Amino acid sequence: MNKKLIKTIASITCGLGVVATIPAMSTSCNCSSWIKNAIPKKYLDISDGVLKGFKNTFVADEHINDGYDTLLIPKDVVTIAAHAFDSDEESSIVIPTYIANIIFENNSKINNIESYAFNFAGFSPDKITFPEGLTQLGSMYNMSWGNSIITIPSSLNEIDQNYIFSGEYSWISTLIFNNVDLNKNHAWLQKINSVSFSDSLRTEGVIRVSGNSTSTSQEVLDYLKTHTAAESGLSSFDNWIAI
């Protein structure tokens with residue numbers, strides 16, 4: 001195939017966040033520069049590696065027709081502050097509803113996402129892929145229906161307040177746990193309770209898990225089933241898949 005055509009296809013694929021749907025591939029945007037359809041970095045409030053949200057100069061309605069569909073987290077961000085993109089905080093500028101993907105720039109240094117950094121009360125993005133290197137993940141709030149695909153990295157070792165997601169309704173259709181080692185990550189896996197999996201995700205959504213050389217995918221899946229069933233009394237896991 002023509003090299004120029006291959007390069008074009010790769011660029012389009014990255015820009016659309018397609019890699020986020022394939023667990024075995026990179027969990028960040030493999031881009032060498034800022035992608036065209038992402039909100040420009042100049043609108044992000046970043047100080048000493050901490051992303052605090054959008055700057056006041058960003059007015060979402062003014063960019064409806066600019067073709068932005070991605071929130072790209074810069075690679076130099078180490079922490080996303082609590083309530084950075086929280087619709088319940090008067091001081092926060094929420095993520096616009098025209099944003100379909102939340103992805104992280106290649107070689108991301110992200111380590112910590114604090115509690116309620118993301119609060120989705122009015123819409124649900126299509127994909128959020130948390131990259132390898134993330135070790136602490138605060139809970140996120142959701143109150144909207146959607147078809148989101150959320151990918152959790154193997155590097156995670158701490159979740160906040162015993163649950164990942166809170167809210168009465170699920171905006172998640174697929175939750176992916178990548179390369180889980182039951183020995184290494186047992187501490188945070190033990191914290192997962194029924195609130196981590198909303199009713200619709202537990203019964204109608206898809207949970208996909210993959211293990212590694214220490215823990216097989218089926219062992220990880222069995223652990224999640226057993227632990228969640230103990231918390232919630234749920235007995236049907238037809239849509240939970242070991243990959």
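Where is asparagine 107 found in this chain? Let's start there, everyone: asparagine 107 sits in the loop that runs between β6, residues 101-104, and β7, residues 112-113. Please keep in mind as we go that this is a predicted model.

What drew me to asparagine 107 is its backbone. Its phi is positive, about 65°, although the residue is not a glycine. As background, most residues other than glycine have a negative phi. And is asparagine 107 buried or exposed? It counts as exposed, because its relative accessibility is 58%, and the cut-off for exposed is over 50%.

Now move along to tyrosine 116, in the loop between β7 and β8, where β8 covers 118-120. Tyrosine 116 has a positive phi too, about 55°, and is not a glycine either. Its surroundings read another way, though: tyrosine 116 has 18% relative accessibility and therefore counts as buried, the limit for that being under 20%.

Let me step back to the whole chain. There are four helices and 17 strands. Of its 243 residues, 52% count as buried. If you take the contacts between residues at least 6 apart in sequence, 69% of them join residues at least 24 apart. The chain exposes about 11300 Å², with carbon and sulfur atoms supplying 48% of that area.

On to the strands. Six of them make an open sheet with mixed pairing, and the order is β1-β2-β4-β7-β10-β13. The edges belong to β1, residues 44-47, and β13, residues 158-159; each has a single partner strand, so one side of each has no neighbour in the sheet. Within that order, β2 (residues 50-54) pairs with β4 (residues 79-80) in the parallel sense, over two bridges. If you want a spot to click on, valine 50 stands opposite threonine 79 in β4.

Then there is β3, residues 70-73. How is β3 joined to β6? The two strands run parallel, and four bridges join them. Leucine 71, for instance, stands opposite isoleucine 102 in β6. As a reminder, side chains in a regular strand alternate between the two faces of the sheet. In β3, both faces are covered: Thr70 and Leu72 are buried on one side, and Leu71 and Ile73 are buried on the other.

So that brings us back round to β6, the strand before the loop that holds asparagine 107. Thanks for listening, and I'm happy to rotate the model for anyone who wants another look!

Technical notes
Residues numbered from 1 in each chain as written. Predicted model: local features only at pLDDT ≥ 70, side-chain atom pairs only at ≥ 80, totals over all residues. Heavy atoms only, no water. Buried < 20%, exposed > 50% of the residue type's maximum accessible area, 1.4 Å probe, protein only. Contact = heavy atoms within 4.5 Å. Areas by Shrake-Rupley, 256 points an atom, 1.4 Å probe, with all protein chains shown as cover. Pairing = 2+ DSSP bridges.
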